[in-house]
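Biologist: I should like to learn how to read the features of a model such as this one. May we take them in turn, beginning with enclosed space?

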Amino acid sequence: MRRLTTNAGTRPIAVALLVALGLSALSPRPALADDMSCAFGPPRSSWVETSVVVAERGHDTPVMTSTTRVGVPRDWPGAAALLGDGRAVGCLLPPGGTPGVTMSDDGADVVVQVTQETPLELYDTEWSVESAGLWSSRTSGETRFVALLPTPADLPPGLTGARWRTVVVKTPESRARTVTPLPSEVLPGGVYVWRDAPAPPRAEVAVPLSARSAFQRWSALRGEDALTVATYLGFALPYLLLAGLLVALYRRSGERDERLLIRITLGALAMITATETLLIVGALTGTLFLAGVFHVPDMLAILVVAVPLCLAVWGLARTGLRWGLPLFAGTVFAVVGALALLAARFSGARPQDTLWAAPSVVTALLLTGAAWAIAARAARVRGRTPRAARTLLCWSVPGLALLTLAYVAHAAVAGLRTWGFLPAAAMSPFFLLRGLAYLMWPLVVLLLLLLLRLHGRRTDSVGPSTLSLLVFLFVVGTIRWLNTYAGMPFPLAGLVGLAALPLLLRLTRRAEVADPGVSRRRLAMIVDEYRDLEQREKGLRRRWAAGELDDEEHTKELGPVVDRIRRLRMEIGLDSDREDGLSPLDVALSRGPGVTWWANARLAARYASYVGAPAAVFLIWATWSTDSRGHDGWLDRLGDPNGFYGLAGDLIGGLLIWPVAGFVLGALWRRLPGRRGYLKGVVPVLAYAAATGAHAVVNNVIGQAPVRGSLVRVLLLFLVLTVVAVLMDARALQTRPGGLASRLTPVAVVYRLGTAGSGIALIVAQTAAILGLWSQLRNGIDITSQVDTSAQAPISADAQVLLGRVDR
């Protein structure tokens, strides 16, 4: 560090300044006396009446209002100036306000009166002072001190020797804690009066802050920490709730494979929430600044993805993966290289070089490898990786790699174009990982599906633990949770979804139909034959009632029909006398086409993927074309530094919501109400509407976002799940192989399309949904993004400087 030296030529100037300041400090005359307005000198006698009122305006802003009246003799030389152009006001009153000059009732004095109003800020540092006329206010802790200007040097020069007739402090909304000195009079309503003092009393009243003001002050002084905590809870709270559920399942489970899969899932949750945890710990402890200087957060971010990757690769090698060792060695080499580049940056090399984006690129690739290794290790818990998981990984891993690299590239290009240097997301692995962590929820969806796969192999019905996992799968896959309300993140939609779906299932709970003990095709054939037998039975009874058949003929023809109906009912475990109120059709439609709930879930997810493809294309196109913030087109949105993050989140969400919703519909098929499938989708749709509706309504109340986008999503989900439910019913009633027409024919007969029956309700519901969707789109497409980018901003400028570009 350079040693500071004093130039010999500047010493005389410094000495002259010190002398001038010392003389002005020793002068007994106030500085305001030198002003032209005080050239008249102080009056031979004067009096002062002053009051101050401290109250909240609109229960939001505390205001200090002071009123001061000063009377001077009419023969004072400045009196004529007061009555003329008012030049002498500065000799009697502090600056501010609009003074008024009048004569006293007896005409002996000239009276000057001024009222000043000062909003009392709650966001200043401790012990800061605000003034209004002759009064001042300072805040310490949760107490506000209102005081008269205490020293003569603070008073205007014209008030020297004035008589203080009345000094009043009013605090109508709170009771004062301390009052000094002892007032002459205390009146109701928090009024304290000092009378007839020859010198200005050192009046001071300590008033406690209101609960609202105390909270506002706390949030102002600790606002950054409060926002950091809120952001952490908004992102991590549902993950923490899921972790709690997994820990409870781990303690109750005695199956080795399930316990291993739970440990893998907990590790993935820890990896996803690690950067936000590091951020909140560093911000609350005050160590983030110093840690950023030495690139500690960046190093920890690299290790956060490297450690799970190494553990997962080691587990894959133990299960027989041949190229596990080369992967392990490549991971170690990439980590060492990234840490070396961070060390080189700390040594003072130029951070503008694009080479310094290499640690972020390495981190992005390590994150891709960690997500793949965790998913592959979890899928190989029971031997070989399932075919569906292999297909998903083959498509998702390249997509995830391209996504992470495109994230870095977009951040670099947008930063260079906007600011002329690489932003933190392109240079800091910590900020990169923090942004990508908000896009890692599909990994949680996959791990939950693998956990449910184990439950599906072990149980034929949905138990309490399986139901809890399905609820979390529904919320994570369709609703997600990161939302912001008036700048404060809170997972309102996710928490409402976690509560709404179990509540609706409890309110609409119905007993599951017993296993018929036959195959799906045999049950479908029984339904077909049973329907023909019932028609024959009704026809015979109608002919008998019309007199076309006598009793003997009716009994002879009806007997075999009734016997066959009894045998069919007994074959599938129903009451032979039909006293239970169920028919083979009810059993087939209530059980679904699958043998187990897992088979129903897989089939419904596949149907939802096909049916939801047009809805996904529409949602992505509508969201990318415009949004509520005025962005007109995806190119304009990409100009935003967080634009790529939002587009990537909308792309993933638009594709994933349909199979996840279909999977949950199929898994809960036997628990959902309704004798026909199209009614079973109402409960998931209502849960989704309650969650997104709560978010939209709150946003609409505070004027942050419209409701229309959520309504469009709810209508689309209803349309998709209704079609999926009809396809499930058609599959359950299919009696022979064939095309789509042959599959839909049995369900069309059952729904009685074209006649008065349940098919009318289906047509009305679908028509209403389509009309509602059309009415929304007529007013302009305004489907806002479900990805909240506000939480992606760095928590402070210091953190962005230290973790992104240390030299700034």
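Modeller: Let us begin with cavities. Rolling a probe the size of a water molecule over the atoms shows where empty space is left. In this predicted model, the second largest cavity has a volume of about 100 Å³. The structure holds 7 cavities of 30 Å³ or more.

Biologist: Which residues are the closest to the centre of the second largest cavity?

Modeller: They are Leu619, Asp650, Gly653, Gly654 and Arg713, out of 11 residues that line the second largest cavity. Two elements give two or more residues to this lining, namely helix H19 (597-625) and helix H21 (643-667). The largest share, 4 residues, comes from H21.

Biologist: How many residues of that lining are nonpolar, polar and charged?

Modeller: The lining of the second largest cavity divides into 3 nonpolar, 5 polar and 3 charged residues. Glycine counts as polar in this division.

Biologist: Let us turn to salt bridges. How many does the structure hold?

Modeller: The criterion is a side-chain nitrogen of Lys or Arg within 4 Å of a carboxyl oxygen of Asp or Glu. The structure holds 18 salt bridges. One of them joins the side chains of Glu49 and Arg165, at 2.8 Å from N to O. Glu49 lies in strand S1 (residues 47-57) and Arg165 in strand S8 (residues 163-170), so this pair ties together parts that are 116 residues apart in sequence.

Biologist: Are Glu49 and Arg165 buried or exposed?

Modeller: Buried means under 20% relative accessible area and exposed over 50%, with partly exposed in between. Glu49 has a relative accessibility of 21% and therefore counts as partly exposed. Arg165, at 24%, also counts as partly exposed.

Biologist: Which residues are linked with Glu49 in a network of salt bridges?

Modeller: Arg69 and Arg165 are linked with Glu49 in such a network.

Biologist: Where do the partners of the salt bridge between Glu529 and Arg564 lie?

Modeller: In that salt bridge the closest N and O atoms are 2.7 Å apart. Glu529 belongs to helix H16 (residues 520-546) and Arg564 to helix H17 (residues 551-571), so the pair links distant parts of the chain, 35 residues apart. Glu529 is partly exposed, with a relative accessible area of 26%, and Arg564 is partly exposed at 25%.

Biologist: With which residue does the side chain of Arg566 meet in a salt bridge?

Modeller: The partner is Asp577, with an N to O distance of 2.6 Å. Arg566 lies in helix H17, whereas Asp577 is in the loop between H17 and helix H18 (584-591), 11 residues apart. Arg566 counts as partly exposed at 31% relative accessibility, and Asp577 likewise at 46%.

Biologist: I should now like to consider nonpolar surface. Which residues form a nonpolar patch?

Modeller: A patch is made of residues with over 30% relative accessible area and no salt bridge, and nonpolar side chains are joined within 5 Å. Here Leu290, Phe294, Val296, Leu300, Leu303, Val307 and Leu311 form a nonpolar patch on the surface, with about 610 Å² of accessible area together. The largest share, 5 residues, comes from H7. Val296 is in helix H7 and is partly exposed, with a relative accessible area of 33%.

Biologist: Is Pro297 buried or exposed?

Modeller: Pro297 is found in helix H7 (residues 296-318). At 7% relative accessibility, Pro297 counts as buried. The C-alpha atoms of Pro297 and Phe430 are separated by 5.9 Å, although these residues are 133 residues apart along the chain.

Biologist: Finally, how should backbone geometry be read?

Modeller: Most residues other than glycine have a negative phi, and most peptide bonds are trans. In this model, the peptide bond from Thr180 to Pro181 is cis, with omega near -10°. Pro181 lies in the loop between strand S9 (178-180) and strand S10 (185-187).

Biologist: Which residue has a positive phi although it is not a glycine?

Modeller: Asp196 has a positive phi of about 50°. Asp196 is found in strand S11 (residues 191-197) and counts as exposed, at 55% relative accessibility.

Terms used: Residues are numbered from 1 along each chain as its sequence is written. This is a predicted model: local features need pLDDT of at least 70, side-chain atom pairs count only at pLDDT 80 or more; totals for chains, interfaces and linings use all residues. Side-chain values use heavy atoms; hydrogens and water are left out. Buried means under 20% relative accessible area, exposed over 50%, partly exposed in between (1.4 Å probe, protein chains only). Patches are made of residues with over 30% relative accessible area and no salt bridge: like charges are joined within 9 Å, nonpolar side chains (Val, Leu, Ile, Met, Phe, Trp, Tyr) within 5 Å. Accessible areas come from the Shrake-Rupley method with a 1.4 Å probe; for residues, only the protein chains shown count as cover. On a 1 Å grid over the protein atoms alone, a cavity is a set of points where a 1.4 Å probe fits but cannot get out, and a pocket is an open set with protein on both sides within 12 Å along at least five of seven lines; lining residues have an atom within 4 Å of a point. Grid points are joined across faces, edges and corners, and a volume is the space filled by probe spheres set on the points.
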